[in-house]
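Me: I am new to reading structures and would love a close look at a single part. Could you walk me through the surfaces that face the DNA, after a short word on the chain itself?

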There are 2 protein chains.
Amino acid sequence: MQTLSNSDPKPPKERKERKGNADMRRRQILDATLRSIILSGLAKTTLATVAAEADLSQGVAIFYFKSKNGLLSEALRELYQNYEDNWEAALANAPNNPAAKLRAIIEADFDAEICNNDTLAVWFAFWGEQKFTPQYSKITNQYDQKRANAIEDICIQLLPSDPEKAKLASDWIDSVTDGYWQKLHLFPQSYSREMALRRTFLLVQFLFTDHAQAFEL
Amino acid sequence: MQTLSNSDPKPPKERKERKGNADMRRRQILDATLRSIILSGLAKTTLATVAAEADLSQGVAIFYFKSKNGLLSEALRELYQNYEDNWEAALANAPNNPAAKLRAIIEADFDAEICNNDTLAVWFAFWGEQKFTPQYSKITNQYDQKRANAIEDICIQLLPSDPEKAKLASDWIDSVTDGYWQKLHLFPQSYSREMALRRTFLLVQFLFTDHAQAFEL
DNA sequence: GTCTATACGGTGATAGAC
DNA sequence: GTCTATCACCGTATAGAC
(Lines give C-alpha, C1' and ligand atoms only; values in the text may rest on other atoms or scores of the structure.)
Protein backbone atom coordinates (compact mmCIF):
# COMPACT_ATOMS: atom_id res chain seq x y z
CA MET A 1 0.00 0.00 0.00
CA GLN A 2 1.91 3.04 -1.10
CA THR A 3 0.92 6.48 0.10
CA LEU A 4 -0.93 8.50 -2.46
CA SER A 5 -0.28 12.15 -1.84
CA ASN A 6 -3.88 13.27 -1.91
CA SER A 7 -2.88 15.88 0.63
CA ASP A 8 -2.29 18.56 -2.01
CA PRO A 9 -5.28 20.84 -1.65
CA LYS A 10 -5.61 21.65 -5.34
CA PRO A 11 -3.53 20.00 -8.06
CA PRO A 12 -3.08 22.40 -11.02
CA LYS A 13 -5.35 20.64 -13.44
CA GLU A 14 -5.22 23.37 -16.02
CA ARG A 15 -1.59 22.60 -16.91
CA LYS A 16 -1.68 20.26 -19.92
CA GLU A 17 1.84 18.90 -19.56
CA ARG A 18 1.34 18.12 -15.91
CA LYS A 19 1.29 14.33 -15.73
CA GLY A 20 -2.04 13.37 -14.30
CA ASN A 21 -2.92 10.51 -12.09
CA ALA A 22 -3.68 8.40 -15.12
CA ASP A 23 -0.20 8.64 -16.61
CA MET A 24 1.39 7.91 -13.28
CA ARG A 25 -0.78 4.86 -12.74
CA ARG A 26 -0.16 3.59 -16.24
CA ARG A 27 3.58 3.82 -15.76
CA GLN A 28 3.34 2.19 -12.35
CA ILE A 29 1.45 -0.74 -13.82
CA LEU A 30 3.71 -1.06 -16.86
CA ASP A 31 6.81 -1.17 -14.69
CA ALA A 32 5.17 -3.77 -12.50
CA THR A 33 4.42 -5.79 -15.62
CA LEU A 34 8.04 -5.80 -16.72
CA ARG A 35 9.15 -6.73 -13.20
CA SER A 36 6.68 -9.59 -13.20
CA ILE A 37 8.02 -10.89 -16.51
CA ILE A 38 11.55 -10.69 -15.17
CA LEU A 39 10.52 -12.52 -12.02
CA SER A 40 8.11 -15.15 -13.35
CA GLY A 41 8.48 -15.17 -17.10
CA LEU A 42 5.86 -14.08 -19.61
CA ALA A 43 4.01 -17.40 -19.53
CA LYS A 44 3.40 -17.17 -15.79
CA THR A 45 2.72 -13.46 -15.74
CA THR A 46 -0.94 -12.93 -14.96
CA LEU A 47 -3.02 -9.96 -13.96
CA ALA A 48 -2.62 -11.23 -10.43
CA THR A 49 1.20 -11.19 -10.51
CA VAL A 50 1.19 -7.75 -12.09
CA ALA A 51 -1.28 -6.38 -9.57
CA ALA A 52 0.74 -7.80 -6.70
CA GLU A 53 3.95 -6.30 -8.10
CA ALA A 54 2.25 -2.92 -8.47
CA ASP A 55 0.52 -3.05 -5.09
CA LEU A 56 -2.77 -2.46 -6.80
CA SER A 57 -5.82 -4.52 -7.60
CA GLN A 58 -6.33 -6.44 -10.81
CA GLY A 59 -9.32 -4.29 -11.61
CA VAL A 60 -7.26 -1.15 -11.99
CA ALA A 61 -4.95 -2.78 -14.52
CA ILE A 62 -7.90 -3.67 -16.71
CA PHE A 63 -9.33 -0.21 -16.15
CA TYR A 64 -6.25 1.43 -17.68
CA PHE A 65 -5.33 -1.12 -20.33
CA LYS A 66 -8.65 -2.69 -21.29
CA SER A 67 -7.23 -6.23 -21.50
CA LYS A 68 -4.21 -8.26 -20.57
CA ASN A 69 -3.11 -8.17 -24.18
CA GLY A 70 -3.34 -4.38 -24.22
CA LEU A 71 -1.26 -4.25 -21.08
CA LEU A 72 1.47 -6.52 -22.44
CA SER A 73 1.60 -4.65 -25.73
CA GLU A 74 2.12 -1.38 -23.93
CA ALA A 75 4.79 -2.99 -21.78
CA LEU A 76 6.63 -4.04 -24.92
CA ARG A 77 6.33 -0.49 -26.23
CA GLU A 78 7.83 0.81 -23.01
CA LEU A 79 10.69 -1.66 -23.35
CA TYR A 80 11.43 -0.44 -26.87
CA GLN A 81 11.10 3.17 -25.81
CA ASN A 82 13.66 2.70 -23.04
CA TYR A 83 15.96 1.03 -25.51
CA GLU A 84 15.55 3.79 -28.05
CA ASP A 85 16.05 6.53 -25.49
CA ASN A 86 19.29 4.84 -24.52
CA TRP A 87 20.90 4.63 -27.94
CA GLU A 88 19.64 8.03 -28.99
CA ALA A 89 21.15 9.60 -25.90
CA ALA A 90 24.41 7.78 -26.58
CA LEU A 91 24.44 9.17 -30.13
CA ALA A 92 23.66 12.67 -28.93
CA ASN A 93 26.45 12.61 -26.36
CA ALA A 94 29.07 11.13 -28.67
CA PRO A 95 31.73 13.32 -30.36
CA ASN A 96 30.57 14.56 -33.71
CA ASN A 97 32.30 12.14 -36.06
CA PRO A 98 31.01 8.92 -37.57
CA ALA A 99 33.50 6.58 -35.91
CA ALA A 100 32.66 7.91 -32.46
CA LYS A 101 28.95 7.70 -33.25
CA LEU A 102 29.23 4.09 -34.34
CA ARG A 103 31.22 3.26 -31.26
CA ALA A 104 28.64 4.94 -29.06
CA ILE A 105 25.67 3.13 -30.54
CA ILE A 106 27.40 -0.24 -30.20
CA GLU A 107 28.43 0.49 -26.63
CA ALA A 108 24.87 1.48 -25.86
CA ASP A 109 23.71 -1.93 -27.02
CA PHE A 110 25.90 -3.65 -24.45
CA ASP A 111 25.25 -1.18 -21.68
CA ALA A 112 24.58 -2.90 -18.37
CA GLU A 113 21.25 -1.12 -18.01
CA ILE A 114 20.09 -2.34 -21.41
CA CYS A 115 21.76 -5.67 -21.85
CA ASN A 116 21.50 -7.86 -18.77
CA ASN A 117 20.11 -11.30 -18.14
CA ASP A 118 16.81 -10.00 -16.82
CA THR A 119 16.09 -7.60 -19.64
CA LEU A 120 17.25 -10.01 -22.32
CA ALA A 121 14.79 -12.57 -21.00
CA VAL A 122 12.01 -10.03 -21.39
CA TRP A 123 12.99 -9.28 -24.99
CA PHE A 124 13.08 -12.92 -25.91
CA ALA A 125 9.81 -13.62 -24.12
CA PHE A 126 8.05 -11.05 -26.30
CA TRP A 127 9.83 -12.13 -29.47
CA GLY A 128 8.77 -15.69 -28.77
CA GLU A 129 5.13 -14.70 -29.02
CA GLN A 130 5.50 -12.11 -31.73
CA LYS A 131 4.22 -14.24 -34.58
CA PHE A 132 0.97 -14.87 -32.73
CA THR A 133 0.42 -11.36 -31.44
CA PRO A 134 0.12 -8.87 -34.28
CA GLN A 135 0.37 -5.95 -31.89
CA TYR A 136 3.87 -6.97 -30.87
CA SER A 137 4.85 -7.19 -34.50
CA LYS A 138 3.75 -3.66 -35.24
CA ILE A 139 5.73 -2.26 -32.34
CA THR A 140 8.87 -4.23 -33.19
CA ASN A 141 8.86 -3.07 -36.79
CA GLN A 142 8.23 0.51 -35.89
CA TYR A 143 11.14 0.82 -33.47
CA ASP A 144 13.73 -1.32 -35.18
CA GLN A 145 13.57 0.44 -38.52
CA LYS A 146 14.80 3.65 -36.94
CA ARG A 147 17.90 2.14 -35.41
CA ALA A 148 18.88 0.14 -38.49
CA ASN A 149 18.72 3.36 -40.52
CA ALA A 150 20.84 5.20 -37.99
CA ILE A 151 23.57 2.58 -38.13
CA GLU A 152 23.49 2.50 -41.90
CA ASP A 153 23.80 6.27 -42.16
CA ILE A 154 26.81 6.25 -39.90
CA CYS A 155 28.49 3.44 -41.81
CA ILE A 156 28.04 5.28 -45.10
CA GLN A 157 29.67 8.35 -43.60
CA LEU A 158 32.46 6.13 -42.40
CA LEU A 159 33.11 4.68 -45.84
CA PRO A 160 31.80 7.26 -48.31
CA SER A 161 33.87 5.77 -51.13
CA ASP A 162 31.87 2.53 -51.15
CA PRO A 163 28.29 2.98 -49.94
CA GLU A 164 27.33 -0.57 -50.93
CA LYS A 165 30.01 -2.09 -48.80
CA ALA A 166 29.10 0.31 -46.01
CA LYS A 167 25.49 -0.89 -46.09
CA LEU A 168 26.64 -4.48 -45.98
CA ALA A 169 28.93 -3.75 -43.07
CA SER A 170 26.14 -2.04 -41.17
CA ASP A 171 23.96 -5.10 -41.67
CA TRP A 172 26.73 -7.38 -40.43
CA ILE A 173 27.27 -5.24 -37.36
CA ASP A 174 23.58 -5.11 -36.61
CA SER A 175 23.23 -8.86 -37.06
CA VAL A 176 26.29 -9.77 -35.08
CA THR A 177 25.14 -7.70 -32.12
CA ASP A 178 21.75 -9.37 -32.32
CA GLY A 179 23.56 -12.69 -32.38
CA TYR A 180 25.57 -11.78 -29.30
CA TRP A 181 22.39 -10.78 -27.50
CA GLN A 182 21.05 -14.21 -28.27
CA LYS A 183 24.18 -15.90 -26.98
CA LEU A 184 24.11 -13.77 -23.85
CA HIS A 185 20.53 -14.85 -23.28
CA LEU A 186 20.97 -18.54 -24.06
CA PHE A 187 24.47 -19.10 -22.69
CA PRO A 188 24.99 -16.53 -19.95
CA GLN A 189 27.76 -18.62 -18.44
CA SER A 190 29.76 -18.73 -21.69
CA TYR A 191 29.37 -15.14 -22.86
CA SER A 192 29.65 -11.81 -21.12
CA ARG A 193 28.76 -8.28 -22.19
CA GLU A 194 32.41 -7.32 -22.13
CA MET A 195 33.35 -10.22 -24.36
CA ALA A 196 30.57 -9.45 -26.80
CA LEU A 197 31.50 -5.77 -26.95
CA ARG A 198 35.17 -6.58 -27.46
CA ARG A 199 34.46 -9.02 -30.26
CA THR A 200 32.05 -6.65 -31.94
CA PHE A 201 34.69 -3.93 -31.88
CA LEU A 202 37.23 -6.33 -33.38
CA LEU A 203 34.84 -7.01 -36.23
CA VAL A 204 34.31 -3.30 -36.77
CA GLN A 205 38.05 -2.74 -36.84
CA PHE A 206 38.29 -5.46 -39.41
CA LEU A 207 35.55 -3.91 -41.52
CA PHE A 208 36.70 -0.31 -41.25
CA THR A 209 40.47 -0.64 -41.09
CA ASP A 210 40.96 3.09 -41.63
CA HIS A 211 39.16 3.83 -38.38
CA ALA A 212 40.48 0.96 -36.31
CA GLN A 213 41.97 3.23 -33.67
CA ALA A 214 38.52 4.58 -32.80
CA PHE A 215 37.50 1.14 -31.58
CA GLU A 216 40.29 0.30 -29.20
CA LEU A 217 39.38 -0.61 -25.69
CA MET B 1 -7.89 -41.54 -36.95
CA GLN B 2 -4.87 -43.13 -38.50
CA THR B 3 -4.79 -46.86 -39.15
CA LEU B 4 -2.73 -48.81 -36.70
CA SER B 5 -1.44 -51.90 -38.40
CA ASN B 6 -2.45 -54.34 -35.71
CA SER B 7 -3.03 -56.84 -38.48
CA ASP B 8 0.47 -58.28 -38.17
CA PRO B 9 -0.06 -61.59 -36.48
CA LYS B 10 3.13 -61.53 -34.44
CA PRO B 11 5.38 -58.46 -34.32
CA PRO B 12 9.00 -59.54 -33.84
CA LYS B 13 9.44 -58.39 -30.28
CA GLU B 14 12.84 -59.94 -29.89
CA ARG B 15 14.45 -57.43 -32.26
CA LYS B 16 15.79 -54.62 -30.09
CA GLU B 17 15.98 -51.99 -32.82
CA ARG B 18 12.40 -52.61 -33.87
CA LYS B 19 10.54 -49.49 -32.85
CA GLY B 20 7.75 -50.50 -30.56
CA ASN B 21 4.36 -48.97 -30.19
CA ALA B 22 5.67 -46.72 -27.46
CA ASP B 23 8.31 -45.06 -29.61
CA MET B 24 5.88 -44.59 -32.42
CA ARG B 25 3.32 -42.99 -30.14
CA ARG B 26 5.91 -40.75 -28.55
CA ARG B 27 7.01 -39.48 -31.93
CA GLN B 28 3.42 -39.02 -33.04
CA ILE B 29 2.68 -36.89 -30.01
CA LEU B 30 5.91 -34.91 -30.24
CA ASP B 31 5.23 -34.05 -33.87
CA ALA B 32 1.71 -33.01 -32.97
CA THR B 33 3.18 -30.80 -30.26
CA LEU B 34 5.45 -29.00 -32.70
CA ARG B 35 2.56 -28.60 -35.14
CA SER B 36 0.44 -27.15 -32.39
CA ILE B 37 3.15 -24.62 -31.50
CA ILE B 38 3.45 -23.67 -35.14
CA LEU B 39 -0.30 -23.27 -35.41
CA SER B 40 -1.20 -21.66 -32.09
CA GLY B 41 2.03 -20.53 -30.50
CA LEU B 42 3.57 -21.95 -27.36
CA ALA B 43 1.43 -19.87 -25.03
CA LYS B 44 -1.80 -21.24 -26.45
CA THR B 45 -0.56 -24.78 -26.85
CA THR B 46 -2.36 -26.98 -24.34
CA LEU B 47 -2.74 -30.70 -23.87
CA ALA B 48 -6.04 -30.31 -25.66
CA THR B 49 -4.51 -28.72 -28.78
CA VAL B 50 -1.77 -31.33 -28.87
CA ALA B 51 -4.21 -34.19 -28.46
CA ALA B 52 -6.42 -32.82 -31.21
CA GLU B 53 -3.44 -32.42 -33.52
CA ALA B 54 -2.37 -36.01 -32.81
CA ASP B 55 -5.88 -37.46 -33.05
CA LEU B 56 -5.45 -38.92 -29.60
CA SER B 57 -6.79 -38.22 -26.16
CA GLN B 58 -5.11 -35.97 -23.62
CA GLY B 59 -4.69 -38.93 -21.32
CA VAL B 60 -2.29 -40.68 -23.63
CA ALA B 61 -0.02 -37.64 -23.85
CA ILE B 62 0.32 -37.57 -20.08
CA PHE B 63 0.76 -41.33 -20.07
CA TYR B 64 3.87 -41.06 -22.25
CA PHE B 65 5.33 -37.80 -21.02
CA LYS B 66 4.23 -37.58 -17.39
CA SER B 67 3.46 -33.85 -17.56
CA LYS B 68 2.99 -31.02 -20.01
CA ASN B 69 6.43 -29.73 -19.13
CA GLY B 70 7.95 -33.12 -19.88
CA LEU B 71 6.19 -33.15 -23.22
CA LEU B 72 7.40 -29.70 -24.21
CA SER B 73 10.95 -30.44 -23.13
CA GLU B 74 11.02 -33.54 -25.30
CA ALA B 75 9.57 -31.56 -28.17
CA LEU B 76 12.43 -29.09 -27.85
CA ARG B 77 14.87 -31.97 -27.82
CA GLU B 78 13.33 -33.29 -31.03
CA LEU B 79 13.65 -29.86 -32.61
CA TYR B 80 17.34 -29.73 -31.75
CA GLN B 81 17.86 -33.29 -32.92
CA ASN B 82 16.33 -32.52 -36.32
CA TYR B 83 18.54 -29.47 -36.54
CA GLU B 84 21.65 -31.43 -35.63
CA ASP B 85 20.86 -34.26 -38.02
CA ASN B 86 20.57 -31.68 -40.76
CA TRP B 87 23.93 -29.96 -40.30
CA GLU B 88 25.73 -33.21 -39.60
CA ALA B 89 24.39 -34.71 -42.80
CA ALA B 90 25.43 -31.59 -44.68
CA LEU B 91 28.95 -31.91 -43.28
CA ALA B 92 29.12 -35.59 -44.12
CA ASN B 93 28.02 -35.01 -47.69
CA ALA B 94 30.31 -32.05 -48.34
CA PRO B 95 33.60 -32.43 -50.23
CA ASN B 96 36.45 -33.15 -47.89
CA ASN B 97 38.05 -29.75 -47.56
CA PRO B 98 37.48 -27.09 -44.91
CA ALA B 99 36.08 -24.43 -47.23
CA ALA B 100 33.44 -26.80 -48.60
CA LYS B 101 32.62 -27.95 -45.07
CA LEU B 102 32.12 -24.42 -43.86
CA ARG B 103 30.00 -23.62 -46.85
CA ALA B 104 27.89 -26.72 -46.24
CA ILE B 105 27.25 -25.99 -42.57
CA ILE B 106 26.22 -22.43 -43.33
CA GLU B 107 23.95 -23.51 -46.17
CA ALA B 108 22.38 -26.08 -43.85
CA ASP B 109 21.50 -23.28 -41.46
CA PHE B 110 19.48 -21.50 -44.13
CA ASP B 111 17.97 -24.63 -45.62
CA ALA B 112 14.25 -24.24 -46.29
CA GLU B 113 13.45 -27.27 -44.14
CA ILE B 114 15.30 -25.84 -41.18
CA CYS B 115 14.93 -22.11 -41.50
CA ASN B 116 11.37 -21.08 -42.30
CA ASN B 117 8.87 -18.82 -40.59
CA ASP B 118 7.09 -21.65 -38.84
CA THR B 119 10.14 -23.36 -37.43
CA LEU B 120 11.80 -20.09 -36.46
CA ALA B 121 8.72 -19.20 -34.45
CA VAL B 122 9.05 -22.49 -32.58
CA TRP B 123 12.70 -21.84 -31.77
CA PHE B 124 11.98 -18.38 -30.47
CA ALA B 125 8.99 -19.59 -28.49
CA PHE B 126 11.19 -22.02 -26.57
CA TRP B 127 14.04 -19.54 -26.19
CA GLY B 128 11.59 -17.04 -24.77
CA GLU B 129 10.84 -19.35 -21.87
CA GLN B 130 14.30 -20.78 -21.48
CA LYS B 131 15.28 -18.75 -18.46
CA PHE B 132 12.28 -20.02 -16.54
CA THR B 133 12.44 -23.64 -17.61
CA PRO B 134 15.72 -25.23 -16.55
CA GLN B 135 15.05 -28.29 -18.69
CA TYR B 136 15.11 -26.18 -21.84
CA SER B 137 18.38 -24.67 -20.77
CA LYS B 138 20.04 -28.02 -20.38
CA ILE B 139 18.97 -29.14 -23.83
CA THR B 140 20.05 -25.91 -25.49
CA ASN B 141 23.50 -26.03 -23.97
CA GLN B 142 24.01 -29.65 -24.81
CA TYR B 143 23.23 -29.31 -28.49
CA ASP B 144 24.72 -25.94 -29.24
CA GLN B 145 28.16 -26.72 -27.88
CA LYS B 146 28.68 -29.39 -30.49
CA ARG B 147 27.92 -27.17 -33.45
CA ALA B 148 30.02 -24.25 -32.21
CA ASN B 149 32.99 -26.61 -31.86
CA ALA B 150 32.45 -27.97 -35.36
CA ILE B 151 32.51 -24.50 -36.87
CA GLU B 152 35.56 -23.51 -34.88
CA ASP B 153 37.47 -26.61 -35.97
CA ILE B 154 36.72 -25.91 -39.59
CA CYS B 155 37.75 -22.28 -39.32
CA ILE B 156 41.06 -23.24 -37.75
CA GLN B 157 41.72 -25.62 -40.62
CA LEU B 158 40.86 -22.83 -42.98
CA LEU B 159 43.33 -20.43 -41.42
CA PRO B 160 45.96 -22.58 -39.74
CA SER B 161 48.46 -19.72 -39.67
CA ASP B 162 46.38 -17.71 -37.20
CA PRO B 163 44.19 -19.89 -34.95
CA GLU B 164 43.20 -16.97 -32.77
CA LYS B 165 41.81 -15.05 -35.69
CA ALA B 166 40.15 -18.23 -36.92
CA LYS B 167 38.35 -18.67 -33.60
CA LEU B 168 37.22 -15.08 -33.71
CA ALA B 169 35.98 -15.50 -37.25
CA SER B 170 34.06 -18.63 -36.33
CA ASP B 171 32.38 -16.74 -33.51
CA TRP B 172 31.44 -13.90 -35.85
CA ILE B 173 30.00 -16.32 -38.39
CA ASP B 174 28.04 -18.15 -35.73
CA SER B 175 26.73 -14.90 -34.29
CA VAL B 176 25.87 -13.32 -37.59
CA THR B 177 23.84 -16.36 -38.64
CA ASP B 178 22.02 -16.25 -35.30
CA GLY B 179 21.40 -12.60 -35.95
CA TYR B 180 19.96 -13.32 -39.39
CA TRP B 181 17.70 -15.97 -37.92
CA GLN B 182 16.41 -13.34 -35.57
CA LYS B 183 15.81 -10.90 -38.39
CA LEU B 184 14.08 -13.56 -40.43
CA HIS B 185 11.81 -14.24 -37.48
CA LEU B 186 11.10 -10.65 -36.52
CA PHE B 187 11.05 -9.05 -39.97
CA PRO B 188 10.05 -11.75 -42.42
CA GLN B 189 8.96 -9.16 -44.96
CA SER B 190 12.36 -7.40 -44.95
CA TYR B 191 14.67 -10.40 -44.92
CA SER B 192 14.73 -13.65 -46.87
CA ARG B 193 16.74 -16.83 -46.48
CA GLU B 194 18.47 -16.17 -49.76
CA MET B 195 19.47 -12.68 -48.70
CA ALA B 196 20.75 -13.91 -45.37
CA LEU B 197 22.76 -16.68 -46.97
CA ARG B 198 24.24 -14.32 -49.56
CA ARG B 199 25.26 -11.78 -46.94
CA THR B 200 26.74 -14.45 -44.70
CA PHE B 201 28.82 -15.73 -47.61
CA LEU B 202 30.01 -12.20 -48.35
CA LEU B 203 31.18 -11.88 -44.77
CA VAL B 204 32.97 -15.21 -44.97
CA GLN B 205 34.67 -14.15 -48.20
CA PHE B 206 35.76 -11.02 -46.42
CA LEU B 207 37.13 -12.98 -43.47
CA PHE B 208 38.84 -15.71 -45.47
CA THR B 209 39.99 -13.88 -48.58
CA ASP B 210 42.17 -16.80 -49.65
CA HIS B 211 39.10 -19.03 -49.99
CA ALA B 212 36.71 -16.49 -51.41
CA GLN B 213 36.02 -18.51 -54.53
CA ALA B 214 34.57 -21.33 -52.44
CA PHE B 215 31.73 -19.06 -51.34
CA GLU B 216 30.47 -17.77 -54.65
CA LEU B 217 26.83 -18.22 -55.44
C1' DG C 1 -10.60 5.55 -9.77
C1' DT C 2 -10.13 1.80 -7.02
C1' DC C 3 -11.66 -2.07 -4.71
C1' DT C 4 -13.90 -6.74 -3.80
C1' DA C 5 -16.63 -10.37 -5.33
C1' DT C 6 -17.85 -13.28 -8.75
C1' DA C 7 -19.05 -15.34 -13.30
C1' DC C 8 -17.37 -18.23 -16.66
C1' DG C 9 -14.31 -20.82 -19.31
C1' DG C 10 -10.51 -23.26 -19.55
C1' DT C 11 -6.21 -26.19 -17.70
C1' DG C 12 -3.29 -29.93 -16.12
C1' DA C 13 -3.62 -34.05 -14.11
C1' DT C 14 -6.08 -38.22 -12.08
C1' DA C 15 -9.28 -42.28 -11.78
C1' DG C 16 -11.20 -45.99 -13.47
C1' DA C 17 -13.72 -48.46 -17.31
C1' DC C 18 -12.52 -51.12 -21.24
C1' DG D 1 -2.56 -48.51 -23.73
C1' DT D 2 -6.24 -45.70 -24.59
C1' DC D 3 -10.35 -43.53 -23.57
C1' DT D 4 -13.92 -40.71 -21.04
C1' DA D 5 -15.29 -38.44 -17.06
C1' DT D 6 -14.11 -35.63 -13.61
C1' DC D 7 -11.60 -32.80 -10.09
C1' DA D 8 -9.54 -28.87 -8.15
C1' DC D 9 -7.61 -24.93 -9.55
C1' DC D 10 -6.55 -20.65 -11.88
C1' DG D 11 -7.21 -17.30 -15.65
C1' DT D 12 -9.50 -13.01 -17.59
C1' DA D 13 -12.89 -9.97 -17.42
C1' DT D 14 -17.19 -7.88 -15.45
C1' DA D 15 -20.36 -5.80 -11.97
C1' DG D 16 -21.28 -2.99 -8.61
C1' DA D 17 -20.11 -0.91 -3.96
C1' DC D 18 -17.57 2.87 -2.22
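Reply: Let us begin with the chain. From the N terminus on, the elements of chain A run α-α-α-α-α-α-α-α-α, that is, 9 helices and 0 strands. Here helices (H or I, at least four residues) and strands (E, at least two) are DSSP runs, numbered from the N terminus.

A word on reading this: it is a predicted model, in which local features need pLDDT of at least 70 and side-chain atom pairs count only at pLDDT 80 or more, while totals for chains, interfaces and linings use all residues. Residues are numbered from 1 along each chain as its sequence is written, and chains are lettered from A and ligands numbered from 1 in the order in which they are written.

The C-alpha trace of chain A spans about 60 × 40 × 30 Å along its principal axes. Of its 217 residues, 38% count as buried, meaning that 20 or more other C-beta atoms, placed from the backbone, lie within 10 Å of the residue's own.

Now to the part you asked about, starting with DNA strand D. There are 18 residues around this strand, and A:Thr46, A:Ser67, A:Lys68, B:Ser57 and B:Gly59 come nearest. A residue is near a strand if its C-beta atom, placed from the backbone, lies within 6 Å of it. The elements that give two or more residues to this surface are α2 (47-54), α3 (58-65) and α4 (68-93) of chain A, along with α1 (21-40) and α3 (58-65) of chain B. Helix α3(B) gives the most, with 4 residues. By class, the surface near DNA strand D has 7 nonpolar, 9 polar and 2 charged residues. In this sorting, Ala, Val, Leu, Ile, Met, Phe, Trp, Tyr, Cys and Pro count as nonpolar, Asp, Glu, Lys and Arg as charged, and the others, Gly among them, as polar.

Next comes DNA strand C. Of the 17 residues around it, A:Ser57, A:Gly59, B:Thr46, B:Ser67 and B:Lys68 come nearest. Two or more residues each are given to this surface by α1 (21-40) and α3 of chain A and by α2 (47-54) and α3 of chain B. On this strand α3(A) gives the most, with 4 residues. The surface near DNA strand C has 7 nonpolar, 8 polar and 2 charged residues.

To keep the two surfaces in mind, look for α3(B) at DNA strand D and α3(A) at DNA strand C.

Notes:
A residue is buried if 20 or more other C-beta atoms lie within 10 Å of its own, exposed if 12 or fewer, and partly exposed in between; C-beta atoms are placed from the backbone.
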